[in-house]
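I opened this one to see how the chain is put together and to look up a handful of residues. My notes follow in the order I made them.

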Amino acid sequence: MLKVPISERRLEILEWLKDPAAHFPPDRHGDLVEDGVTAAAVAVKLGVRRAVADTHLGLLAGIGLLRTKRIRRRTFYRRDEVRIAEVGRMFEKGW
């Protein structure tokens, strides 16, 4: 987990996903709160290509901060609140 740099953009994504309904438009294939958001929606919000958003989301999912869910041919991402809390506690205790 420490090998993955947490950039300002990745912190923004995590912040947006705290309240996805406030930051992203509805998706006709999934519920923003229950299922999460797609890389395409994150790409639009960041103003980048989808491949860039895929990279950010993949790294966050890879270290366990995001959960993924497949609906049709799309991957939806949402925060893993339990894992985020665990990581926060580790850093509070001084690792």
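**Surface and charge**

I started with the outside: the protein chain exposes about 6,200 Å², and carbon and sulfur atoms supply 51% of that area. I kept in mind throughout that this is a predicted model.

Next I counted charges. I got 19 positive and 13 negative side chains in the protein chain. The centres of the two sets lie 7 Å apart.

**Overall fold**

I went through the secondary structure and found five helices and three strands in the protein chain. Read along the sequence, the order is α-α-β-α-α-β-β-α. The radius of gyration is 13 Å, close to the 12 Å that the globule rule gives for 95 residues, so the protein chain is as compact as a globular protein of that length.

I also fitted a box along the principal axes: the C-alpha atoms fill roughly 45 × 25 × 25 Å. For burial, I noted that 36% of the 95 residues count as buried. Then I checked contacts between residues at least 6 apart in sequence, and 53% of these join residues at least 24 apart.

**D35, a loop aspartate**

I picked D35, which is found in the loop between helix 2 (20–23) and strand 1 (37–38). Is D35 buried or exposed? I have it as buried, with a relative accessible area of 9%; the cut-off for buried is under 20%.

So what does the side chain of D35 reach? I found the backbone nitrogen of D31 at 2.7 Å. I also logged a polar contact of 2.6 Å between the side chains of D35 and K69. Setting aside residues up to four places away in sequence, I listed what D35 touches: G30, K69, I71, F76, Y77 and R78. K69 is thus on the touch list as well as being the polar partner.

**R79, in a strand**

I moved to R79, which lies in strand 3 (residues 74–79). R79 is buried too, with a relative accessible area of 10%.

Which backbone atom does the side chain of R79 reach? I noted the backbone oxygen of L14, at 2.8 Å. The side chains of R79 and E81 are joined by a polar contact of 2.6 Å. Leaving aside neighbours within four places in sequence, I see R79 in contact with L14, E15, L17, K18, L65, L66 and I84. L14 therefore turns up both in that contact list and as the residue whose backbone oxygen is reached.

**A53, in helix 4**

I placed A53 in helix 4. It has 0% relative accessibility and counts as buried. Not counting residues up to four places away in sequence, I found A53 touching A39, V42, A43 and V48. For V42 I took the C-alpha distance to A53 as well: 6.1 Å, with the two positions 11 residues apart along the chain.

**G58, also in helix 4**

I then went along to G58, which lies in helix 4 (residues 50–62). G58 counts as partly exposed at 37% relative accessibility. How far apart in space are G58 and T68? I get 9.3 Å, C-alpha to C-alpha, for a pair 10 residues apart in sequence.

**R83 and R89, in helix 5**

I took two arginines here. R83 is found in helix 5, and at 25% relative accessibility I have it as partly exposed. I compared its position with E12, 71 residues away along the chain: the C-alpha atoms are separated by 18 Å.

R89 is found in helix 5 (residues 81–92). At 43% relative accessibility, R89 counts as partly exposed. R89 and I71 are 18 residues apart along the chain, and I get 32 Å between their C-alpha atoms.

**R72, a backbone check**

I finished with R72, found in the loop between strand 2 (66–71) and strand 3. What is phi at R72? I read a positive value of about 60 degrees, although R72 is not a glycine. I flagged the sign because most residues other than glycine have a negative phi. At 68% relative accessibility, R72 counts as exposed.

Conventions
Residues numbered from 1 in each chain as written. Predicted model: local features only at pLDDT ≥ 70, side-chain atom pairs only at ≥ 80, totals over all residues. Heavy atoms only, no water. Helix = DSSP H or I, 4+ residues; strand = E, 2+ residues; numbered from the N terminus. Rg over C-alpha atoms; globule rule 2.2 N^0.38 Å. Buried < 20%, exposed > 50% of the residue type's maximum accessible area, 1.4 Å probe, protein only. Contact = heavy atoms within 4.5 Å. Areas by Shrake-Rupley, 256 points an atom, 1.4 Å probe, with all protein chains shown as cover. Lys, Arg positive; Asp, Glu negative; His and termini not counted. Charge placed at Lys NZ, Arg CZ, Asp CG, Glu CD. Polar contact = N/O pair within 3.5 Å; in protein donor to acceptor, adjacent residues only side chain to side chain.
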